Each structure stands twice: as C-alpha cells, then as structure tokens.
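Thanks for coming, everyone. Please bring up the model on your screens, and we will walk through it together.

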Amino acid sequence: MDNSYTHGGKEATAYEEHRKAYTGVVDFFLSHIKSNNFLDAGCGTGHDLLEIYRRSGFRGYGCDKSDDMLAKAKVKDCASELRIADLDKEFPFDRIFPCIYAHDLLHHLKRPQFFIANSNHHLTDGGVLLIGTETENDLRVKFTSVYFPGVLEVDLARYHSLVKIEKAAREAGFSKFETETLSDPVAMDEAIMNQVRTKSHSVLGFIDKKSFQEGIARLQDDFAAGKLAKMPWQYTLMTATK
Ligand SMILES: C[S@@+](CC[C@H](N)C(=O)[O-])C[C@H]1O[C@@H](n2cnc3c(N)ncnc32)[C@H](O)[C@@H]1O
C-alpha cells in the first residue's frame, strides 16, 4: 500500500498540541545518550528532543522531511541543529553519532532498509540505532484497532515486521540486535481523545469518513460511560548495535 502520509501544517499543529513524550520511550533513549552527539531521525515537532534536553541538558541533532514539523521543533530551542531530509532518499548529516534513534518513524518509510544502512554508516563502532515501533501483537491490542473498522488492516500493511527490520539491520552490518516490549495499560483521558479527534494517530487519516465516524462515536460513548480506565498499550523498542 501507499504508506505516504502528509505531515503538513494541520498535522504539525495536531502533533504539537496533542502528542506527548512517552516517559518509558524517552528513558530508553536516555539510557544510551551521553552527550549532545545523538540524532533524532524523524523528530517531528521535537517532543523527544525537548524532553531529553529538559532531563539531561543535552541538545541533540534532529531531522524530518516536514518543514511544518521542523518549524515547531525549532521554536522549542532544544537542539544543536535541525535539518530537513527525506530519509527514504538521503541522510542529512556528515557527522558520525554514537546514537541514532527513530521513534514512530519506520512505518512512514517506504525504504526502511535504506535508512537503516545510512544509519549504520553514520554510527561510531559500537554505536546504536534505537527503533521505537509496534509489532503485529502491539497493533492488535491497540485501541485504534479495536474501535475503528479497517485500521488494523491499514497498520499491518504499513508497519514493517521485526523480522524485516532485523534482516535489514543485519544486512547493513549491525552485529547485535535486541528487542524489549513496554507494556503499560493507559487510562483514556481528554488528551488522548483529542489526539483521536484531530487524527494525530496517522492511521486515522487512511480510513474512510464513515469508519472514522463509527469508531469515534463508539469510543466517545465508552469514554463518557467510564469504560476506558485501562486500555492495553504495548510498544516495542529495538537496539541494533554496530
Ligand atoms: C509519528 S511522527 C513521529 C514524530 C516524533 N518522532 C515523535 O515521536 O514525536 C512521524 C514523523 O516522521 C516524519 N517522516 C515521515 N516520513 C519521513 C521521511 N521519509 N523522512 C523523514 N521524516 C519522515 C513525519 O514528518 C513525522 O514528523
């Protein structure tokens, strides 16, 4: 399927207002970051760069293919340098990093193997590529899959499997590969409801109007009835070491 999704002004505003840094994911990145010399690939509006700066004082490097996303990241003044780049086609920095991370980026890429190989070239020996993504199991339990008809099929078609990612990492020259799953039920709150209403979950931009309206109506009913106190949430973190 066509996994291109427009990350323009509307999406950047929705991300800025409703996306947040996920503590467990940032903890994982921070456990590998020792200086300003790290790259946030597909940094979006810079939520993770800002959280890392607040918690460690380190100003990393960031890149994204969307001008609108980068404009919002720049305002946060938390990075050493931010550059525009389509990671399916290019790598924006000449420098070598000990750590590159990609949080919710890979399913937007048509050629993840190209990005993974480029990352390998731009890592120090022993450096790490950290990937935050969702596996088939993670996607199956996700509330968007449960509430919105058609979402799971779209997501399964655009997310790259762990097997495919690991194969690409090995072919790119990474020697060690580890995965862990964060599993932490979340309570649905107004912030998450607003992410849904504004389609901050990009998959909601792929389903038809009727499926979206059907899903949001069921979700809002259950939310209003207090039925969404514990929604399953699973997320997979991978470390590929050069
Ligand atoms: C789901 S958002 C994640 C943003 C950020 N990593 C975060 O977790 O808040 C995906 C980001 O990837 C960017 N992106 C999508 N395709 C890209 C590409 N080919 N090259 C670079 N960035 C891309 C989008 O513009 C968007 O900002």
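Let me start with a question: are α5 and α9 parallel, perpendicular or oblique to each other? Keep in mind that this is a predicted model. Find helix α5, residues 112-121, and helix α9, residues 162-172. They pack at an angle of about 40 degrees. Their axes are 9 Å apart. Angles under 35 degrees would count as roughly parallel, and roughly perpendicular runs from 65 to 115. So α5 and α9 are oblique to each other. The crossing of α5 past α9 is right-handed.

Who makes the contact? On the α5 side, look for P112, Q113, I116, A117 and N120. On the α9 side, pick out I165, A168, A169 and A172. By class, that contact holds seven nonpolar residues, two polar ones and no charged ones.

Now a second helix pair. Helix α2 covers residues 23-30, and helix α3 covers residues 47-56. Here the angle is about 65 degrees, and the axes are 10 Å apart. This crossing, too, is right-handed. From α2 come V26, F29 and L30. They meet D48, E51, I52, R55 and S56 in α3. The class count for this contact is four nonpolar, one polar and three charged.

Stay with α3. Which of its residues are buried? They are H47, D48, L49, E51 and I52. What do they pack against? One partner is α2. The others are strand β1 at 38-41, strand β2 at 61-64, helix α4 at 67-75 and strand β4 at 97-103. Just after α3 comes G57, with a positive phi near 85 degrees.

Two further residues have positive phi, and neither of these is glycine. Take D77 to begin with. Its phi is near 50 degrees. D77 sits in the loop between α4 and β3, the strand at 81-84. Is D77 buried or exposed? D77 has 10 C-beta neighbours inside 10 Å, so it counts as exposed. Next, D104. Its phi is near 60 degrees. D104 belongs to the loop between β4 and α5. D104 has 19 other C-beta atoms within 10 Å, so it is partly exposed.

Over to strand β1, and to F38, which lies in it. With 26 other C-beta atoms within 10 Å, F38 is buried. Setting aside neighbours within four places in sequence, F38 is in contact with I33, G60, Y61, F97, P98, C99 and I100. Also look at R59. F38 and R59 are 21 residues apart in sequence, yet their C-alpha atoms are 8.4 Å apart in space.

Last topic: the nonpolar cores. The largest one has 46 residues. Which of them touch the most other members? Those are A41, C99, I100, L129 and L130. Let us zoom in on L130. Beyond its neighbours within four places in sequence, L130 is in contact with F28, F29, H32, C99, Y101, L237 and T239. Apart from this largest core lies another, made of 12 residues. Its members include F148, V151, I192 and F206.

Here is a thread to follow on screen. C99 is among the contacts of F38. C99 is also among the contacts of L130. And F29, one of the α2 residues that meet α3, is in contact with L130 as well.

That is my tour. Over to you.

Methods: Residues are numbered from 1 along each chain as its sequence is written. This is a predicted model: local features need pLDDT of at least 70, side-chain atom pairs count only at pLDDT 80 or more; totals for chains, interfaces and linings use all residues. A nonpolar core is a set of buried Ala, Val, Leu, Ile, Met, Phe, Trp, Tyr and Cys residues joined through C-beta atoms within 7 Å. A residue is buried if 20 or more other C-beta atoms lie within 10 Å of its own, exposed if 12 or fewer, and partly exposed in between; C-beta atoms are placed from the backbone. Two residues are in contact if their C-beta atoms, placed from the backbone, lie within 7 Å. Axes are lines fitted to C-alpha atoms, for helices over the stretch in contact, and angles run from 0 to 180 degrees between N-to-C directions. Helices (H or I, at least four residues) and strands (E, at least two) are DSSP runs, numbered from the N terminus. Angles under 35 degrees count as roughly parallel, over 145 as roughly antiparallel, 65 to 115 as roughly perpendicular and the rest as oblique. A crossing is left-handed if the near helix is turned anticlockwise from the far one by less than a right angle, and right-handed if clockwise. Ala, Val, Leu, Ile, Met, Phe, Trp, Tyr, Cys and Pro count as nonpolar, Asp, Glu, Lys and Arg as charged, and the others, Gly among them, as polar.
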